[in-house]
2 protein chains.
Amino acid sequence: MTETAAIIGGGVIGGGWAARFLLNGWNVNLFDPDPHVEAKLAPVLKQARHALPSLLDVALPEEGQLTFCAELKDAVAGAAWIQESAPERLEAKQRLLAQIEAACAPDAIIGSSTSGFRPSQLREGAQHTDRILVAHPFNPVYLIPLVELVAPDANDGVIATAKSVLTGLGMFPLHLRKEIDAHVADRFLEAVWREALWLVKDGIATTEEIDDAIRMGFGMRWAQMGLFDTYRTAGGEAGMRHFMAQFGPALKWPWTRLMDVPDFDDDLVDLIAGQSDQQSGHLTISEMLKARDENLVAMMRALKYRDWGAGAVLNEQERSIRSGTVLAARAGDLRDVSQPILTVRRAVPLDWTDYNGHMNEAKYLQAFGDATDRMMEMVGCDADYIATGGSYFTAETHIRHVDEVCAGTIIEVRTQMLMGQGKKMHLWHEMLAGKRLLATGEHFLLHVSLETRRPSEPAAHIVEALERISAAHANLPRPDGAGRYVGQRP
Amino acid sequence: MTETAAIIGGGVIGGGWAARFLLNGWNVNLFDPDPHVEAKLAPVLKQARHALPSLLDVALPEEGQLTFCAELKDAVAGAAWIQESAPERLEAKQRLLAQIEAACAPDAIIGSSTSGFRPSQLREGAQHTDRILVAHPFNPVYLIPLVELVAPDANDGVIATAKSVLTGLGMFPLHLRKEIDAHVADRFLEAVWREALWLVKDGIATTEEIDDAIRMGFGMRWAQMGLFDTYRTAGGEAGMRHFMAQFGPALKWPWTRLMDVPDFDDDLVDLIAGQSDQQSGHLTISEMLKARDENLVAMMRALKYRDWGAGAVLNEQERSIRSGTVLAARAGDLRDVSQPILTVRRAVPLDWTDYNGHMNEAKYLQAFGDATDRMMEMVGCDADYIATGGSYFTAETHIRHVDEVCAGTIIEVRTQMLMGQGKKMHLWHEMLAGKRLLATGEHFLLHVSLETRRPSEPAAHIVEALERISAAHANLPRPDGAGRYVGQRP
């Protein structure tokens, strides 16, 4: 059953939450007193629809229904998750939470996006204190996985439910055991922000130089290992203890202006805003947002290939979306294999397109290769089997490009087994966008021993599955394009 | 002519410098009083050889010659760049610099890897103060592009030479105009480190939770935009000024423990080292270094595709390596086109391999697609031409996989034009590793109008170049494998 989230406040953060829930198949009720809320939300949704489906190598669930509610009580009624993203004023948040409590289901979870306030502050005067949590996300909420979950005294069931909802949205809930002003991540942001203000104010570096010092250097280290693991590796085989012995003394050196904060006056604002204009004024904010999102997608997909950090979170979500569908089934579990089999269903990601503005030719083979992998898995040549020393190598491939396709389009591959016998597997893939044929792929594979790297007989369960599918597919007409050579006239 | 760098100190940082110079074609003289310097350097060089060639889509120059020198004066004689990476003790560094000055060429540049000392401190008592610079790199030096270049009072010629050397190594020299303790980047690292120590000491978060708070969140934002551009986008269309108005007040809130540093006692070291063991003790340091490097390569390649940040630095280096070689020439510039043309020369990058431990099938088409792009460019269908609305689309592809290839191997593609006439281009690519044939690719392309997306006549200069090459290639024997279909017996 489709679940409903209530999003209270539709700014950059609330809008990001709305997009993440919607694109992961939740219905969303949105309440924001701003009469321009629809116009405010539109660009955020557009950005999310551009970027988020690119993250995974499987299609997301169908998008949920978005409803703008004129009254807060209508928004929260029936919602399983309520997320408050109002401006950062404590009394206003407390008032909103009281209204939410009065109208929501008794078992709804109420998350607050607050950057700074502690749960105990939010809960003052509340009734169901154990259901009010800090769920602090990071901009852009529809892409960045981190959510700081601060919920002292909430019972284990509430925590487990909250984590399960956030994980289902492809997020990474970090459950903090103690509450503290600004939680954890923003404390680092604040420390760096203060130091950066000093450096600009004292004329040591411009905003652009500071950004370069971060993104050309430690920013990339932190994107994958964070602080401590980075230093652990810097300590060499002696690890963390060695690193600390070496760098401990620096704490006493005058390396930061930590004892003071700069005067936050108009001069400082002018200086920084002026340098920032100089640095990036040639781009509109929406161009920058697009660049930011496409960079994040590209890096997260790189980490997904590495099954690491934010990329491992994506793989987890992908496994969960596949499980229970035909995209995870074994041949033996499929009652009917008389038709070509669905082997790929995914969006064309942003990084699959090229200078011609469409999916690059190599990515057609990528998708067909994924379809082949899926067929291998289906007949029993999965990771466990490959670990025993058997696999398939592709010997030959013939692709015919029939039509173009752009990023974001959902594509499917359906696979017919032309022959599956002994070491040989001969496959016919058709790639479609809806009913539009995009390409055909004819592939000849050989089962090999990974030790000798030579052709070898597959295990009995594979031979059996191959025979079952190829016997069923023998009744299908032979595809027109099979057995053709390059340049052959139709 | 091959240039020589002298590396003084062969630890993690000095070794990283040595690797970066060597793999970019410099000869390296290494001096380190440690009798085990060769053993100390070996793993760093191995890591660099594993990772660095993966960054670019063109082969690096041939590796330079490494010489271990028993005397400092032998190491620095004849070196154009001397890099000091001794331990962080001022007097020791000053003594080394004096020895270097006494033995080096008068126009050599002397860089120091110091994290904390200012150039004026290093230069006390030196003679050629304008040639002694801080060139502060970031670990791993062979992958991370940032070098903080601090050189007050150096003349413009010295700065320009230093920048040019570092850029040639694929690095990003950030020239700081004023000197300050710890330069710029390490001041941020120090601020975050202090706050992190407090959070662990006060039991708010473990080392693992802190790392997750960074890498699942703002770490990825900083890897591509840094601090100020990230906040500029967070301010919406109103930009930086709006952001500052919103978050300025937070400076006065108790969001960091900035007023104090924690006691750096044994208890704190035990606490942190213990948590770090818990977090990552299941991995050896060398496993972590490999993971770190492969993550960095994957992310930097993602940013390279985006031509952004650290990835834009790689594209710049790649253009410089190609320029002046056959890999940048136009057909009209080539005197002899009678043989198949070199269209690709590159290492197989780490992210091109799959679960079978070899280059993935789709990447064969990627390399053949790059070879096709290069042939298009050579006949005059380059980015400028494509911007006028004409391009080539691949209609059909036939790949025969002849042999496997692993990451790091240098591959070449040589291209024969089977036909080039009007709208049609029929290409035959052969992929080789040395003399070993890896695969053949037969490709049929059509010139199209990017407006109508239908076949169209190419411009006259393209027709002319096609005719010249296809006439020359008509004298070559027709390849055995051309015109074959999938599964056809040899």
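**View 1. Helix α16 of chain B lies across two strands of its own chain.** In this predicted model, helix α16 (residues 460-473) of chain B crosses β11 and β12, running at about 105° to β11(B). Beneath this title pair, strand β11 (residues 410-421) and strand β12 (residues 424-433) of chain B are joined in the antiparallel sense by 9 bridges. To find your place in the pairing, look for Arg414(B), which stands opposite Glu430(B) in β12(B).

**View 2. Ten strands from chains A and B form an open sheet.** Reading across, the order is β9(A)-β11(A)-β12(A)-β13(A)-β10(A)-β10(B)-β13(B)-β12(B)-β11(B)-β9(B), with antiparallel pairing. The edges are β9 (341-347) of chain A and β9 (341-347) of chain B, each pairing on one side only. From one strand to the next, the twist averages 25°. As a reminder, strands of a sheet pair through backbone hydrogen bonds, either parallel or antiparallel.

**View 3. Strand β10 of chain A meets strand β10 of chain B.** Each of these strands covers residues 390-401, and the two run antiparallel with 5 bridges between them. A handy landmark here is Ile399(A), which stands opposite Thr397(B) in β10(B).

**View 4. Chain A touches chain B through helix α8 and other residues.** The contact takes 128 residues from chain A and 127 residues from chain B. On the chain A side, helix α8 (residues 207-225) gives the largest share, with 17 residues. Sorted by class, that side has 71 nonpolar, 30 polar and 27 charged residues.

**View 5. Met299(A) and Met299(B) have the most contacts inside the largest nonpolar core.** This core has 202 residues. Leaving aside neighbours within four places in sequence, Met299(B) is in contact with Met220(A), Ala223(A), Gln224(A), Met299(A), Ala302(A), Leu303(A) and Ala223(B). Apart from this core lies another, of 76 residues, including Val344(A), Met376(A), Ala395(A) and Ala331(B). More generally, nonpolar side chains tend to be buried together in soluble globular proteins.

**View 6. Ala302(B) sits in helix α12 of chain B.** Follow the helix along residues 285-305 to find this alanine. Ala302(B) counts as buried because 27 other C-beta atoms lie within 10 Å, and 20 or more are enough for that label. Not counting residues up to four places away in sequence, Ala302(B) touches Ala298(A), Met299(A), Arg301(A) and Ala302(A). For a sense of distance, the C-alpha atoms of Ala302(B) and Met244(B) are separated by 31 Å, with the two residues 58 places apart along the chain.

Key:
Residues numbered from 1 in each chain as written. Chains lettered and ligands numbered in written order. Predicted model: local features only at pLDDT ≥ 70, side-chain atom pairs only at ≥ 80, totals over all residues. Helix = DSSP H or I, 4+ residues; strand = E, 2+ residues; numbered from the N terminus. Buried ≥ 20, exposed ≤ 12 C-beta atoms within 10 Å, placed from the backbone. Contact = placed C-beta atoms within 7 Å. Core = buried A, V, L, I, M, F, W, Y, C linked by C-beta atoms within 7 Å. Nonpolar A, V, L, I, M, F, W, Y, C, P; charged D, E, K, R; others polar. Pairing = 2+ DSSP bridges. Axes fitted to C-alpha atoms, helices over the stretch in contact; angles between N-to-C directions.
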